Amino acid sequence: MTVPIITIDGPSGAGKGTAARLIALELGFHLLDSGAIYRILGLAATDAQIELDDVDSLVSLSNSLDLSFPYDAEGTEIVLNGAAVGDQLRTQAVADAASQVAVHPPVRDALMGLQRRQARDPGLVGDGRDLGTIVFPDANLKIFLDASVEVRAERRYLELIQSGQTVERSAILRDLEIRDVRDRTRKVAPLVPANDAYVIDSSDKTAAQVLADVRDLCRAKGLA
Ligand code: C5P
């Protein structure tokens, strides 16, 4: 029997992480925050003073990562080699490093096994950019969650302020626009909806409304 898989892809700030965690909680499924994998790699490379285009070093770093994503109603914990990583992944600098390491095909290949291993009984909900197109092309349900760049920047701004960081609204908007272009135009695994993905625009929706849409799609697919 194959494990049921739900993928939620989309740009930063569209609400993927929250929607993925809440539906995983309802279904009792495992969770994969694939963005955190690229963020960990970006952070680890920066800490080890590895250049973000030194592909060989990035690949060996990728092969050393052992990650899991325990979660509850409040949030998701990232556990790297047995230790919780905490909030240090949620900075603009780390997000930017993540999107730079993510452009290299050998790095993406090296991280494939780690992502696919998360698909365990009774099921998996994963969020990212290419989960429905590349990592899990046979997923039972694929969702592409989008929102206007202004709405996404405002959400990211509030998130960073609430976590105690000092940030400028305009800088967040600019960083998101740069990262969007890099993610959408890269040669390998660009951010595009899978042909068979359901597109949800969350610009005018609350997290609860997005969850309700996702729940309806799960029911329609016999997953809930
Ligand atoms: O989702 P999050 O903002 O944490 O992702 C950080 C960066 O990691 C993205 O901007 C993207 O470049 C990269 N990423 C990716 N493929 C994924 C998830 C994230 O390339 N599946």
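# A guided tour from an exposed loop to the ligand

Begin by selecting Thr166, which is found in the loop between α8 (149-162) and α9. The model on display is a predicted one. Thr166 has a relative accessible area of 83% and is therefore exposed, since the cut-off for that class is over 50%. Now add Glu150 to the selection. Thr166 and Glu150 are 16 residues apart in sequence, and their C-alpha atoms are 19 Å apart in space.

## The ligand and its shell

Next, select the ligand together with the residues around it. There are 15 residues around the ligand, and those that come nearest are Arg39, Arg108, Arg129, Arg179 and Asp183. By kind, the shell divides into 7 charged, 5 polar and 3 nonpolar residues.

Display the side chains in order to follow individual contacts. In the side chain of Arg108, an N or O atom is 2.8 Å from an oxygen atom of the ligand. The side chain of Arg179 likewise has an N or O atom 2.8 Å from an oxygen atom of the ligand. At Asp130, a polar side-chain atom lies 2.9 Å from a nitrogen atom of the ligand. How much of the ligand's 460 Å², the area exposed when the ligand is taken alone, does the protein bury? The protein buries 97% of that area.

Colour the helices to see where the shell comes from. The elements giving two or more residues to the shell around the ligand are α2 (34-47), α4 (92-101) and α9 (169-185). Then colour the model by domain: domain 1 (5-27 + 122-217) and domain 2 (30-121) each supply at least three residues to the shell.

## Helix α2

Which element gives the most to the shell around the ligand? It is α2, with 4 residues. Select this helix and place a distance marker between its end C-alpha atoms. The 14 residues of α2 should span 20 Å at 1.5 Å a residue, and the end C-alpha atoms are indeed 20 Å apart, so the two values agree.

Show the surface of the rest of the structure around the helix. Because 10 of its 14 residues are buried, α2 is largely enclosed by the rest of the structure. Among the buried residues of α2 are Ser34, Tyr38, Arg39, Gly42 and Ala45. Arg39 is also one of the residues that come nearest to the ligand. After α2, move on to Gln49, which follows the helix and has a positive phi, near 55°.

## Strand β6 and the bond before it

Select Gly128, whose place is in strand β6 (residues 124-128). With a relative accessible area of 1%, Gly128 is buried, as the cut-off for that class is under 20%. Add Asp9 to the view: Gly128 and Asp9 are 119 residues apart in sequence, while their C-alpha atoms are 4.8 Å apart in space.

Step back along the chain to Pro122, in the loop between α6 (112-116) and β6. Here the peptide bond from Asp121 to Pro122 is cis, with omega near 5°.

## Three further loop residues

Turn to Tyr71, in the loop between β3 (67-68) and β4 (79-80). Its relative accessibility is 22%, so Tyr71 counts as partly exposed. Tyr71 and Ala212 are 141 residues apart along the chain, and a separation of 20 Å lies between their C-alpha atoms.

Continue to Asn81, in the loop between β4 and β5 (83-84). Although Asn81 is not a glycine, its phi is positive, at about 45°. Asn81 is partly exposed, with a relative accessible area of 47%.

The final selection is Ala189, which lies in the loop between α9 and β8 (198-201). Ala189 is not a glycine, yet it has a positive phi of about 50°. Is Ala189 buried or exposed? With a relative accessible area of 6%, Ala189 is buried.

Terms used: Residues numbered from 1 in each chain as written. Predicted model: local features only at pLDDT ≥ 70, side-chain atom pairs only at ≥ 80, totals over all residues. Heavy atoms only, no water. Near = heavy atom within 4 Å. Polar contact = N/O pair within 3.5 Å; in protein donor to acceptor, adjacent residues only side chain to side chain. Areas by Shrake-Rupley, 256 points an atom, 1.4 Å probe, with all protein chains shown as cover. Nonpolar A, V, L, I, M, F, W, Y, C, P; charged D, E, K, R; others polar. Domains from an automatic or database assignment. Expected span 1.5 Å × (residues − 1). Buried < 20%, exposed > 50% of the residue type's maximum accessible area, 1.4 Å probe, protein only.
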